[in-house]
Amino acid sequence: TLLELGVCDGRVALALAEKDRRVLGVDASAPMLEALQARKRECSSTVAARVTAMHADARTLRLRRSFERVVQPFNGIAHFHDHAALHELLATVRAHLAPDGLFAFDVMIPDLRLLAGGASSIPRVEHPRTGAVCRVEERYDYDAIRQVLTVTTTLVERESGARQTLELRLRQLFPQETSLLLETQGFEVIERSEELGDSLAYVCRLRD
(Lines give C-alpha, C1' and ligand atoms only; values in the text may rest on other atoms or scores of the structure.)
Protein backbone atom coordinates (compact mmCIF):
# COMPACT_ATOMS: atom_id res chain seq x y z
CA THR A 1 0.00 0.00 0.00
CA LEU A 2 1.25 3.44 -0.94
CA LEU A 3 0.42 6.73 0.75
CA GLU A 4 -0.27 9.50 -1.77
CA LEU A 5 -0.26 13.05 -0.43
CA GLY A 6 -2.45 15.16 -2.70
CA VAL A 7 -4.42 12.39 -4.39
CA CYS A 8 -6.61 14.94 -6.26
CA ASP A 9 -8.97 13.17 -8.68
CA GLY A 10 -7.00 9.94 -8.62
CA ARG A 11 -5.02 10.31 -11.83
CA VAL A 12 -1.99 8.58 -10.28
CA ALA A 13 -3.78 6.46 -7.67
CA LEU A 14 -6.08 4.76 -10.16
CA ALA A 15 -3.21 4.10 -12.57
CA LEU A 16 -1.32 2.44 -9.72
CA ALA A 17 -4.43 0.46 -8.77
CA GLU A 18 -4.60 -0.89 -12.30
CA LYS A 19 -1.12 -2.32 -11.66
CA ASP A 20 -2.31 -4.19 -8.55
CA ARG A 21 -1.15 -1.54 -6.07
CA ARG A 22 -3.22 -0.37 -3.12
CA VAL A 23 -3.26 3.37 -2.50
CA LEU A 24 -4.38 5.42 0.48
CA GLY A 25 -4.88 8.91 -0.93
CA VAL A 26 -5.10 12.07 1.16
CA ASP A 27 -6.31 15.46 0.00
CA ALA A 28 -7.36 18.70 1.69
CA SER A 29 -9.81 19.53 -1.15
CA ALA A 30 -13.29 18.05 -0.79
CA PRO A 31 -14.18 18.77 -4.46
CA MET A 32 -11.09 16.85 -5.58
CA LEU A 33 -12.12 13.87 -3.48
CA GLU A 34 -15.62 14.04 -4.97
CA ALA A 35 -14.03 13.95 -8.44
CA LEU A 36 -12.00 10.91 -7.35
CA GLN A 37 -15.16 9.11 -6.24
CA ALA A 38 -16.76 9.87 -9.61
CA ARG A 39 -13.76 8.41 -11.43
CA LYS A 40 -13.80 5.32 -9.21
CA ARG A 41 -17.39 4.66 -10.29
CA GLU A 42 -16.14 4.48 -13.89
CA CYS A 43 -13.51 1.84 -13.01
CA SER A 44 -13.88 -1.84 -12.42
CA SER A 45 -14.88 -2.75 -8.88
CA THR A 46 -11.51 -4.46 -8.39
CA VAL A 47 -9.52 -1.35 -9.30
CA ALA A 48 -11.82 0.97 -7.35
CA ALA A 49 -11.49 -1.17 -4.22
CA ARG A 50 -7.72 -0.72 -4.24
CA VAL A 51 -7.99 3.07 -3.76
CA THR A 52 -9.08 4.53 -0.42
CA ALA A 53 -9.30 8.28 0.07
CA MET A 54 -9.56 10.54 3.08
CA HIS A 55 -10.04 14.26 3.63
CA ALA A 56 -7.08 15.56 5.64
CA ASP A 57 -4.31 18.16 5.74
CA ALA A 58 -0.92 16.67 4.89
CA ARG A 59 0.72 19.00 7.41
CA THR A 60 -1.05 17.44 10.39
CA LEU A 61 -1.82 13.91 9.16
CA ARG A 62 -0.86 11.15 11.61
CA LEU A 63 -2.16 7.67 10.78
CA ARG A 64 -0.05 5.65 13.24
CA ARG A 65 1.08 3.31 10.49
CA SER A 66 4.00 3.23 8.07
CA PHE A 67 4.27 2.75 4.32
CA GLU A 68 6.98 1.41 2.06
CA ARG A 69 6.22 4.21 -0.39
CA VAL A 70 5.02 7.79 0.10
CA VAL A 71 4.42 9.77 -3.09
CA GLN A 72 3.48 13.36 -3.88
CA PRO A 73 3.17 13.85 -7.65
CA PHE A 74 2.45 16.81 -9.92
CA ASN A 75 4.37 19.52 -8.05
CA GLY A 76 2.21 19.00 -4.97
CA ILE A 77 4.95 20.34 -2.72
CA ALA A 78 4.42 23.80 -4.27
CA HIS A 79 1.10 24.15 -2.42
CA PHE A 80 3.01 24.50 0.86
CA HIS A 81 4.00 28.13 0.70
CA ASP A 82 6.34 28.84 3.61
CA HIS A 83 9.12 27.14 5.56
CA ALA A 84 6.82 26.14 8.41
CA ALA A 85 4.38 24.41 6.05
CA LEU A 86 7.18 22.66 4.16
CA HIS A 87 8.72 21.42 7.40
CA GLU A 88 5.33 20.16 8.61
CA LEU A 89 4.79 18.36 5.30
CA LEU A 90 8.14 16.60 5.51
CA ALA A 91 7.52 15.74 9.16
CA THR A 92 4.37 13.94 7.98
CA VAL A 93 6.42 12.02 5.41
CA ARG A 94 8.94 11.03 8.11
CA ALA A 95 6.13 9.93 10.44
CA HIS A 96 4.67 7.56 7.83
CA LEU A 97 7.73 6.25 5.98
CA ALA A 98 8.93 2.76 6.86
CA PRO A 99 12.64 2.51 7.81
CA ASP A 100 13.57 1.21 4.36
CA GLY A 101 10.80 3.07 2.55
CA LEU A 102 11.07 5.60 -0.26
CA PHE A 103 9.57 9.07 -0.72
CA ALA A 104 9.04 10.10 -4.36
CA PHE A 105 7.89 13.50 -5.58
CA ASP A 106 8.48 16.04 -8.31
CA VAL A 107 8.90 19.80 -8.23
CA MET A 108 8.75 22.25 -11.11
CA ILE A 109 11.89 24.18 -11.98
CA PRO A 110 11.04 27.90 -11.62
CA ASP A 111 10.46 29.53 -15.00
CA LEU A 112 12.26 32.87 -14.93
CA ARG A 113 9.94 34.24 -17.63
CA LEU A 114 6.93 33.74 -15.38
CA LEU A 115 8.73 35.12 -12.34
CA ALA A 116 9.31 38.34 -14.27
CA GLY A 117 5.54 38.83 -14.30
CA GLY A 118 3.28 39.63 -17.21
CA ALA A 119 0.26 38.20 -18.94
CA SER A 120 -0.76 35.94 -21.80
CA SER A 121 -3.97 34.97 -23.55
CA ILE A 122 -5.44 32.22 -25.68
CA PRO A 123 -8.14 33.52 -28.02
CA ARG A 124 -10.25 30.39 -28.36
CA VAL A 125 -10.67 27.30 -26.15
CA GLU A 126 -13.58 25.15 -25.02
CA HIS A 127 -14.60 25.43 -21.37
CA PRO A 128 -13.59 22.08 -19.76
CA ARG A 129 -17.00 21.61 -18.11
CA THR A 130 -19.59 23.47 -20.16
CA GLY A 131 -18.04 23.23 -23.62
CA ALA A 132 -18.65 26.97 -24.17
CA VAL A 133 -16.15 28.74 -26.43
CA CYS A 134 -13.99 30.98 -24.25
CA ARG A 135 -11.04 33.33 -24.29
CA VAL A 136 -8.43 32.57 -21.62
CA GLU A 137 -6.44 35.33 -19.96
CA GLU A 138 -3.59 34.62 -17.54
CA ARG A 139 -1.62 36.97 -15.31
CA TYR A 140 1.59 36.11 -13.44
CA ASP A 141 2.64 37.88 -10.23
CA TYR A 142 5.70 36.82 -8.26
CA ASP A 143 6.39 37.66 -4.63
CA ALA A 144 10.18 37.40 -4.52
CA ILE A 145 10.33 37.66 -0.72
CA ARG A 146 7.97 34.74 -0.11
CA GLN A 147 8.95 32.96 -3.36
CA VAL A 148 5.30 32.47 -4.28
CA LEU A 149 4.03 32.75 -7.86
CA THR A 150 0.36 33.65 -8.25
CA VAL A 151 -1.25 32.61 -11.53
CA THR A 152 -4.63 34.27 -12.13
CA THR A 153 -6.64 32.63 -14.91
CA THR A 154 -9.82 34.18 -16.30
CA LEU A 155 -12.15 32.36 -18.69
CA VAL A 156 -14.40 34.69 -20.68
CA GLU A 157 -17.27 33.12 -22.62
CA ARG A 158 -17.15 34.67 -26.07
CA GLU A 159 -20.91 34.60 -26.62
CA SER A 160 -22.27 35.70 -23.23
CA GLY A 161 -19.27 37.54 -21.82
CA ALA A 162 -19.56 35.59 -18.54
CA ARG A 163 -16.28 35.51 -16.62
CA GLN A 164 -14.79 32.94 -14.27
CA THR A 165 -11.56 33.73 -12.42
CA LEU A 166 -9.32 31.14 -10.78
CA GLU A 167 -6.21 31.79 -8.70
CA LEU A 168 -3.34 29.40 -8.14
CA ARG A 169 -0.50 30.13 -5.71
CA LEU A 170 2.66 28.04 -6.05
CA ARG A 171 5.80 28.09 -3.93
CA GLN A 172 8.87 28.30 -6.15
CA LEU A 173 11.67 25.94 -5.12
CA PHE A 174 15.01 26.12 -6.86
CA PRO A 175 16.92 22.82 -7.18
CA GLN A 176 19.65 23.65 -4.67
CA GLU A 177 17.01 24.88 -2.23
CA THR A 178 15.08 21.62 -2.55
CA SER A 179 18.24 19.59 -1.91
CA LEU A 180 19.06 21.65 1.20
CA LEU A 181 15.48 21.35 2.47
CA LEU A 182 15.56 17.57 2.16
CA GLU A 183 18.97 17.32 3.82
CA THR A 184 18.00 19.46 6.81
CA GLN A 185 14.77 17.48 7.25
CA GLY A 186 16.52 14.13 7.48
CA PHE A 187 16.25 12.80 3.91
CA GLU A 188 18.88 11.41 1.59
CA VAL A 189 18.33 11.84 -2.16
CA ILE A 190 19.15 8.55 -3.86
CA GLU A 191 17.95 9.54 -7.33
CA ARG A 192 17.13 12.77 -9.14
CA SER A 193 15.76 12.70 -12.66
CA GLU A 194 15.45 15.45 -15.27
CA GLU A 195 13.31 13.32 -17.60
CA LEU A 196 10.11 15.26 -16.80
CA GLY A 197 11.36 18.30 -18.72
CA ASP A 198 10.15 21.28 -16.71
CA SER A 199 10.31 19.39 -13.39
CA LEU A 200 12.80 17.44 -11.34
CA ALA A 201 11.77 14.08 -9.90
CA TYR A 202 13.27 12.97 -6.58
CA VAL A 203 13.47 9.60 -4.84
CA CYS A 204 14.52 9.88 -1.19
CA ARG A 205 14.92 7.77 1.90
CA LEU A 206 15.36 8.56 5.56
CA ARG A 207 18.96 9.16 6.54
CA ASP A 208 20.43 6.73 9.06
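## Terms and basis

Contact means that heavy atoms lie within 4.5 Å. Helices (H or I, at least four residues) and strands (E, at least two) are DSSP runs numbered from the N terminus.

The model is predicted: local features need pLDDT of at least 70, side-chain atom pairs count only at pLDDT 80 or more, and totals for chains, interfaces and linings use all residues. Residues are numbered from 1 along each chain as its sequence is written, and side-chain values use heavy atoms, with hydrogens and water left out.

## Helix α6

Helix α6 spans residues 175-184, and its buried residues (under 20% relative accessible area, 1.4 Å probe, protein chains only) are Thr 178, Leu 181 and Leu 182. Viewed down the axis of α6, these buried residues fall within an arc of 95 degrees, taken from the directions from the helix axis to the C-beta atoms, so they line one face of the helix. The cover over them includes α4 (83-96), β5 (97-108), β10 (187-193) and β11 (199-206).

On the other side of α6, Gln 176, Leu 180 and Thr 184 are exposed (over 50%). Gly 186 follows α6 and has a positive phi, near 90 degrees.

## The sheet β6-β7-β8-β9

Four strands form an open antiparallel sheet in the order β6-β7-β8-β9, where two strands pair if DSSP finds at least two bridges between them. The edge strands, β6 (118-126) and β9 (163-171), each pair on one side only.

Within this sheet, β7 (residues 133-143) and β8 (residues 148-157) run antiparallel and are joined by ten bridges. Val 156 in β8 is the bridge partner of Arg 135.
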